[in-house]
Amino acid sequence: MATINTLHRLSASSLCKILLAQDAAVEPAAEAATDVAGPTPTIAIIDVRDDDYIGGHIKGARNIPSRLFDAMLPALVHQLQDKQKVVFHCALSQQRGPTAALRYLRERERVLASSTERESKAKEGVEEDGDGEGDAGAPGEQKVYVLDRGFVGWQELYGTDERLTEGYRKDLWKDGYWG
């Protein structure tokens with residue numbers, strides 16, 4: 001079972017490279033097919049900041065405030081099942097981000113175990129009670145990360161880079177901190 005100590009960290013520069021490479025792969029596909037959607041991004045960024053979300057965010061990140069995270073968790077596991085990488089962060093990635101990543105990993109493990117159990121029963125010909133909700137296929141391989149130094153570290157390097165950061169307001173980031 002995952003623990004805070006076993007969570008993988010991802011640096012802002014590594015995430016930057018992943019995002020830029022992904023954008024480079026998506027652009028030619030979008031130009032080649034006008035009415036066909038391009039490749040689906042293989043990474044999801046989950047920003048669990050609350051009010052401190054104001055002032056900018058990583059382009060393409062999904063904001064799920066930490067106070068709502070537990071309620072959104074089952075749906076989130078389902079929505080992200082096809083992503084190869086999921087990156088969690090908060091302002092500093094010291095508490096909210098790692099906690100959210102850990103809760104996500106544990107819920108994902110629970111879903112995988114439940115899915116494996118259903119598959120075993122189906123192979124044995126055992127009927128399952130219930131309405132079949134949540135019977136989508138088991139999620140594929142996925143790597144879960146916490147963004148090292150959180151959005152504070154990200155904005156120091158990429159806050160003004162519009163390819164990577166949306167809604168950035170430098171005036172809200174005094175001396176590298178929100179407020």
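The following questions and answers introduce selected features of this predicted model.

Q: In what order do the five strands of the open sheet stand?
A: The pairing within this open sheet is parallel. As for the margins, β1 (8–10) and β4 (62–63) each have a single partner strand, so one side of each is left without a neighbour in the sheet. The order of the five strands is β1-β6-β5-β2-β4.

Q: Which residue in β4 is the bridge partner of Asp47?
A: Strand β2 (residues 43–47) and β4 run parallel. Two bridges join these strands. In β4, the bridge partner of Asp47 is Asn63.

Q: Is Lys85 buried, partly exposed or exposed?
A: Lys85 lies in strand β5. Its relative accessible area is 25%. Buried means under 20% and exposed means over 50%, so with 25% Lys85 falls between the two cut-offs. Lys85 is therefore partly exposed.

Q: What distance separates the C-alpha atoms of Lys85 and Ile43?
A: Neighbours within four places in sequence left aside, Lys85 is in contact with Ile18, Thr42, Ile43, Ala44, Lys143 and Tyr145. Ile43, one of these contacts, is 42 residues from Lys85 along the chain. The C-alpha atoms of the two residues are separated by 4.7 Å.

Q: How many aromatic pairs does a search of the whole structure find, and how is the pair of Phe69 and Phe88 arranged?
A: The search finds three aromatic pairs. In the pair of Phe69 and Phe88, the ring centres are 6.0 Å apart and the planes stand at 80°. Planes over 60 degrees apart count as edge-to-face, so the arrangement of Phe69 and Phe88 is edge-to-face.

Q: Which parts of the chain does the pair of Phe69 and Phe88 link?
A: The two residues are 19 residues apart, and their pair links distant parts of the chain. Phe69 is buried, with a relative accessible area of 2%, and Phe88 is buried at 0%. Phe69 belongs to helix α2 (residues 66–79) and Phe88 to strand β5 (residues 85–89).

Q: Why is the pair of Phe88 and Tyr104 tilted?
A: Phe88 counts as buried, at 0% relative accessibility. The centres of the Phe88 and Tyr104 rings are 5.3 Å apart. Planes under 30 degrees apart count as stacked and those over 60 as edge-to-face, so the pair is tilted because its planes are at 50°.

Q: Which residues form one aromatic cluster?
A: Phe88 in strand β5 and Tyr104 in helix α3 (residues 96–124) are 16 residues apart, and their pair links distant parts of the chain. Tyr104 counts as buried, at 0% relative accessibility. The residues of the cluster are Phe69, Phe88 and Tyr104.

Q: How many of the nine residues of helix α4 are buried?
A: The buried residues of α4 are Gly150, Phe151, Val152, Gly153, Trp154, Gln155 and Tyr158. Helix α4 (residues 150–158) is largely enclosed by the rest of the structure because the buried residues number seven of the nine.

Q: At what distance from the ring centre of Phe151 does Arg49 lie?
A: Phe151 is one of the buried residues in α4. Arg49 lies over the face of Phe151, and the distance from the ring centre is 4.2 Å.

Q: With which side chain does the side chain of Asp50 make a polar contact at 3.1 Å?
A: Asp50 is placed in the loop between β2 and β3 (57–58). Neighbours within four places in sequence left aside, Asp50 is in contact with Pro65, Ser66, Arg67 and Arg96. Its side chain makes a polar contact with the side chain of Arg96 at 3.3 Å. The polar contact at 3.1 Å is with the side chain of Arg67.

Key. Residues numbered from 1 in each chain as written. Predicted model: local features only at pLDDT ≥ 70, side-chain atom pairs only at ≥ 80, totals over all residues. Heavy atoms only, no water. Phe/Tyr/Trp six-rings, centres within 6.5 Å; stacked < 30°, edge-to-face > 60°. Helix = DSSP H or I, 4+ residues; strand = E, 2+ residues; numbered from the N terminus. Buried < 20%, exposed > 50% of the residue type's maximum accessible area, 1.4 Å probe, protein only. Lys NZ or Arg CZ within 6 Å of the ring centre and 35° of its normal. Pairing = 2+ DSSP bridges. Contact = heavy atoms within 4.5 Å. Polar contact = N/O pair within 3.5 Å; in protein donor to acceptor, adjacent residues only side chain to side chain.
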